[in-house]
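The following exercises ask the reader to work through a structure step by step. Each task is followed by its worked solution.

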Amino acid sequence: MRYIRKPRMGISQLKRQEAKGLPMSSDEATRRWNRFNKDTLRRRLLAEQFGLCAYSELNIRAFKQENHSPMEGHIEHIEPKSMSPRRTFDYHNLVISALCSEDLSLFSKEDYFGGHAKLNFYDASLFISPLELDCRRFFIYLSETGRVEPSPSLNAQDVERAHYTIDLLNLNAPYLRNKRRRWLQELEEEIDELLTSRKALLSLARRELCAHHGQLGAFHSASRQMFGALGEQVIQDHCPECA
């Protein structure tokens, strides 16, 4: 999970909705959200997330092209509307998550992930949000299996949070696990082939860790982990906005 930087101010479209009065119930939140034109907001969220799903880090545009999806993900309320209707139009409660409702027909229920796995379940004391500055430190990615697991450096309380978040978002759904495993093993092979050439390795790291045309490659945090200290240096030197 990578940290999503949000500007202090939201967008005028959302502020106009809030100026009409905050939704006070789950039903009111749902009615008003369903009537709301989300096109501008969707573009804004996709841009600030460099095209990645906030939870799975799939590249949403690539997913859409691969699966002929009608939409570039869905707009996700981190705190569900049903629990926090007053935050329905709060820009700092909104992210883009892969899978729009129409995509669900492509998957069995065990493969639902992100917002469609989370639904209305949410415990603020346990959930690790991509809006937390240090969210990346909670997770490691295993190339052998494609699984995401709690980092071994965590204390017991943070391990509990990591497990809760992984399970709630179904980040080890078979679909995600298989795609992550294939990608990490391919990247691992490329890195191994270039170990004798620092210049070539730096070039590969820039290709995989920096944004191109405003887009990051899928599984950015996992790729970043694979490059280790060299990857951190590349990000610091060439694309600090992607950190």
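**Exercise 1. Backbone torsions in two loops**

Leucine 99 has a relative accessibility of 1% and therefore counts as buried. The model in which this residue sits is a predicted one.

Task: Locate leucine 99 and leucine 119, and state what sets the phi of leucine 99 and the phi of leucine 119 apart.

Solution. Step one is to place the residues. Leucine 99 lies in the loop that runs between β2 (94–97) and α5 (115–118). Leucine 119 belongs to the loop between α5 and β3 (139–141).

Step two is to read the torsions. For leucine 99, phi is near 80°, which is positive in a residue other than glycine. For leucine 119, phi is about 50°, again positive although the residue is not a glycine.

Step three is to set this against the general expectation. Most residues other than glycine have a negative phi.

**Exercise 2. Cysteine pairing**

Task: Determine how many disulfides the model contains, and which cysteines are joined.

Solution. Step one applies the cut-off: two cysteine sulfur atoms must lie within 2.5 Å. By this rule there is one disulfide. The bond joins cysteine 210 to cysteine 239, with an S to S distance of 2.4 Å.

Step two concerns the position of the partners. Cysteine 210 is in the loop between α8 and α9 (220–238), cysteine 239 is in the segment after α9, and the two are 29 residues apart, so that the pair links distant parts of the chain.

Step three gives the handedness. The torsion about the S-S bond of cysteine 210 and cysteine 239 is about -65°, and the disulfide is therefore left-handed.

Step four is accessibility. Cysteine 210 is buried at a relative accessible area of 7%, and cysteine 239 is buried at 1%.

Step five considers cysteines outside the bond. Cysteine 242 is in no disulfide, the nearest cysteine sulfur being that of cysteine 239 at 4.3 Å. Cysteine 242 has 0% relative accessibility and counts as buried. For cysteine 53, the closest cysteine sulfur is in cysteine 100, and the distance of 12 Å is too far for a bond. Cysteine 53 also counts as buried, at 2% relative accessibility.

**Exercise 3. Packing of two helices**

Task: Describe how α7 and α8 are oriented, and which residues meet between them.

Solution. Step one is the geometry. The axes of α7 (residues 174–193) and α8 (residues 198–209) come within 10 Å and cross at roughly 155°. Because angles over 145 degrees count as roughly antiparallel, α7 is roughly antiparallel to α8.

Step two lists the contact. From α7, Trp183, Leu187, Glu190 and Ile191 meet Leu201, Leu204, Arg207 and Glu208 of α8. These contact residues of α7 with α8 comprise five nonpolar, no polar and three charged.

**Exercise 4. Salt bridges**

Task: State how many salt bridges are counted, and examine pairs that involve arginine 87, arginine 137 and arginine 147.

Solution. Step one recalls the principle. Side chains of opposite charge can pair when their charged atoms come close. The count for this model is 15 salt bridges.

Step two takes arginine 87, which forms a salt bridge with aspartate 90, the closest N and O atoms being 2.8 Å apart. Glu79, Arg87 and Asp90 are linked in a network of salt bridges. Arginine 87 is partly exposed at 24% relative accessibility.

Step three takes arginine 137, whose side chain meets that of aspartate 134 in a salt bridge at 2.8 Å, N to O. Arginine 137 is partly exposed at 40%, and aspartate 134 is partly exposed at 34%.

Step four takes arginine 147, which pairs with glutamate 149 at 2.7 Å, N to O. Arginine 147 is partly exposed, with a relative accessible area of 31%.

**Exercise 5. Two buried small residues**

Task: Which residues does alanine 29 touch, and which does glycine 51 touch, leaving out residues up to four places away in sequence?

Solution. Step one: alanine 29 is found in α2 (residues 26–35) and counts as buried at 0% relative accessibility. Beyond its sequence neighbours up to four places away, alanine 29 touches Pro23, Lys81, Pro85 and Thr88.

Step two: glycine 51 is in the loop between α3 (39–48) and α4 (60–67) and counts as buried at 2% relative accessibility. With residues up to four places away set aside, glycine 51 touches Leu46, Leu58, Asn59, Ile60, Arg61, Gly214 and Gln215.

Methods: Residues are numbered from 1 along each chain as its sequence is written. This is a predicted model: local features need pLDDT of at least 70, side-chain atom pairs count only at pLDDT 80 or more; totals for chains, interfaces and linings use all residues. Side-chain values use heavy atoms; hydrogens and water are left out. A salt bridge is a side-chain nitrogen of Lys or Arg within 4 Å of a carboxyl oxygen of Asp or Glu. Buried means under 20% relative accessible area, exposed over 50%, partly exposed in between (1.4 Å probe, protein chains only). Axes are lines fitted to C-alpha atoms, for helices over the stretch in contact, and angles run from 0 to 180 degrees between N-to-C directions. Helices (H or I, at least four residues) and strands (E, at least two) are DSSP runs, numbered from the N terminus. Angles under 35 degrees count as roughly parallel, over 145 as roughly antiparallel, 65 to 115 as roughly perpendicular and the rest as oblique. Contact means heavy atoms within 4.5 Å. Ala, Val, Leu, Ile, Met, Phe, Trp, Tyr, Cys and Pro count as nonpolar, Asp, Glu, Lys and Arg as charged, and the others, Gly among them, as polar.
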